[in-house]
Structure formats: C-alpha cells, structure tokens
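Here are some worked exercises to try with the model open beside you. Have a go at each task before you read its solution.

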Amino acid sequence: MVRHGYDFDPSYMYQPKIDPELDYFYLFEGNVCIWRNGAVRDPYDRWVWNTCENGYNKYEYNGTAFWAYREAAKKLWPVYPKELSFVDHIDRVRTFDGWVNLRRCSPSLNSLNQYREGTKG
C-alpha cells in the first residue's frame, strides 16, 4: 500500500524513499548544510555549534536552535500521513542523524523503539 509516497511494507520500516542523488540540503538561506550522514556544517565546511540535550544533537545558528533529524525529516518527507507524526532514530542512537537512520512513525511505534533499562533487543 502506498500513501503520500510512503511504502507501508514492514521491511522498509515505514521509511520513505530518499532521492539517491540528494547528498545535502541547506537551511537558513544557505548558511547551514545538513549532509546525508547527519553532519551539520556551514558553507565553509566548519561544524555548526551544537550541544547534546536529552541525548539528541541540538544545533544553533544565529540564536535559532534546531535539531538536524527534525529538519531532515521536514525536507526529505514534507508530505506524510498524519498518523506518522514522529521522527524516529531506527537504531536508537539519538546522536546519529544520518538519513538512513531516520523514519517517520506513529507515536506508538516510536515508544516501542525506545531503550528501556533492563530490556533486551
């Protein structure tokens, strides 16, 4: 079943196709670049200032805070089914914002993928 360009085959883990020709995109009128591997840099190939908040990479540019994984999802999948309102890190590593590690998901699927103390798998 395909809706809004999403292939609902569980083997794809609800991850829409990403254009293989797209290696990066710009934010803030070309002043910040988010790469396919999750790196966030300015046009001079310097890292953009960031901190780690609740395990997620939080970046700042000219006083505006943003999370690379959220911005990547907005650019890569601007149209999506309303039930897939969350962006999930597939391998549970919150600091790895590479596009292959991101997927749109429902709140319930997102909560199932959370790491919990004392659980395996």
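**Exercise 1. Placing the helix**

Task: Find which strands helix 1 lies across, and the angle at which it runs to strand 8.

Solution. This is a predicted model, so every value below is computed from predicted coordinates. Start by selecting residues 68-76, which make up helix 1. Next, look at what the helix lies across: strand 7 and strand 8. Finally, compare directions: helix 1 runs at about 75 degrees to strand 8.

**Exercise 2. The sheet beside the helix**

Task: Work out the order of the 3 strands in the open sheet, and which strands stand at its edges.

Solution. Step one is the order, which reads 6-7-8, with antiparallel pairing. Step two is the edges: strand 6 (50-53) and strand 8 (64-67) each have a single partner strand, so one side of each lacks a neighbour in the sheet. Step three is the twist, which averages 35 degrees from one strand to the next.

Now go through the pairs.

- Strand 6 and strand 7 are antiparallel and share 4 bridges. Within this pair, Thr51 stands opposite Lys58 in strand 7. The two strands form a hairpin with 2 residues between them, and Asn54 in the turn has a positive phi of about 55 degrees.
- Strand 7 (residues 56-61) also pairs with strand 8 over 4 bridges, again in the antiparallel sense. Here Tyr59 stands opposite Phe66, while Tyr61 has Thr64 as its bridge partner. This hairpin has 2 residues between the strands, with Asn62 at a positive phi near 50 degrees.

**Exercise 3. Two more hairpins**

Task: Find which turn residue has a positive phi in the hairpin of strand 3 and strand 4, then do likewise for strand 4 and strand 5.

Solution. Begin with strand 3 (residues 24-27) and strand 4 (residues 32-35), an antiparallel pair with 4 bridges. One bridge partnership to check is Leu27 with Val32. There are 4 residues between these strands, and the turn residue with a positive phi, of about 50 degrees, is Phe28.

Then follow the chain onward. Strand 4 runs antiparallel to strand 5 (residues 40-41), and 2 bridges join them. Cys33 stands opposite Arg41 in strand 5. This hairpin also has 4 residues between its strands, and the residue to pick in the turn is Gly38, with a positive phi of about 95 degrees.

**Exercise 4. Into the core**

Task: Identify which residues of the largest nonpolar core touch the most other members, and which element gives the largest share.

Solution. The core holds 18 residues, and Ile34, Val40 and Phe66 touch the most other members. Now sort by element: strand 3, strand 4, strand 8 and helix 1 each give two or more residues. Helix 1 supplies the largest share, with 5 residues.

To see how one of these residues is placed, list the contacts of Phe66, leaving aside neighbours within four places in sequence. Among them are Leu27, Phe28, Val32, Ile34 and Val40, as well as Tyr59, Tyr61 and Glu71.

**Exercise 5. Charged pairs**

Task: The structure holds 4 salt bridges; take three of them and ask where the partners lie and how accessible they are.

Solution. Side chains of opposite charge can pair when their charged atoms come close.

1. Asp23 and Arg36 have their closest N and O atoms 3.7 Å apart. Asp23 lies in the loop between strand 2 (6-7) and strand 3, and Arg36 in the loop between strand 4 and strand 5, so the pair ties together parts 13 residues apart in sequence. Asp23 is partly exposed at 41%, and Arg36 is partly exposed at 27%.
2. Glu53 and Lys58 meet at 3.1 Å, N to O. Glu53 counts as partly exposed at 34% relative accessibility.
3. Lys74 and Glu71 come to 3.3 Å. They are 3 residues apart in helix 1, so about one helical turn separates them. Lys74 is partly exposed at 49%, whereas Glu71, at 17%, is buried.

**Exercise 6. A cysteine to classify**

Task: Decide whether Cys52 is buried or exposed.

Solution. First locate Cys52 in strand 6. Exposed means over 50% relative accessible area. Cys52 has 52%, so Cys52 counts as exposed. As a last check, Cys52 and Thr95 are 43 residues apart in sequence, and their C-alpha atoms are 8.0 Å apart.

Notes:
Residues are numbered from 1 along each chain as its sequence is written. This is a predicted model: local features need pLDDT of at least 70, side-chain atom pairs count only at pLDDT 80 or more; totals for chains, interfaces and linings use all residues. Side-chain values use heavy atoms; hydrogens and water are left out. Two strands pair if DSSP finds at least two bridges between them. Axes are lines fitted to C-alpha atoms, for helices over the stretch in contact, and angles run from 0 to 180 degrees between N-to-C directions. Contact means heavy atoms within 4.5 Å. A nonpolar core is a set of buried Ala, Val, Leu, Ile, Met, Phe, Trp, Tyr and Cys residues joined through side-chain atoms within 4.5 Å. Buried means under 20% relative accessible area, exposed over 50%, partly exposed in between (1.4 Å probe, protein chains only). A salt bridge is a side-chain nitrogen of Lys or Arg within 4 Å of a carboxyl oxygen of Asp or Glu.
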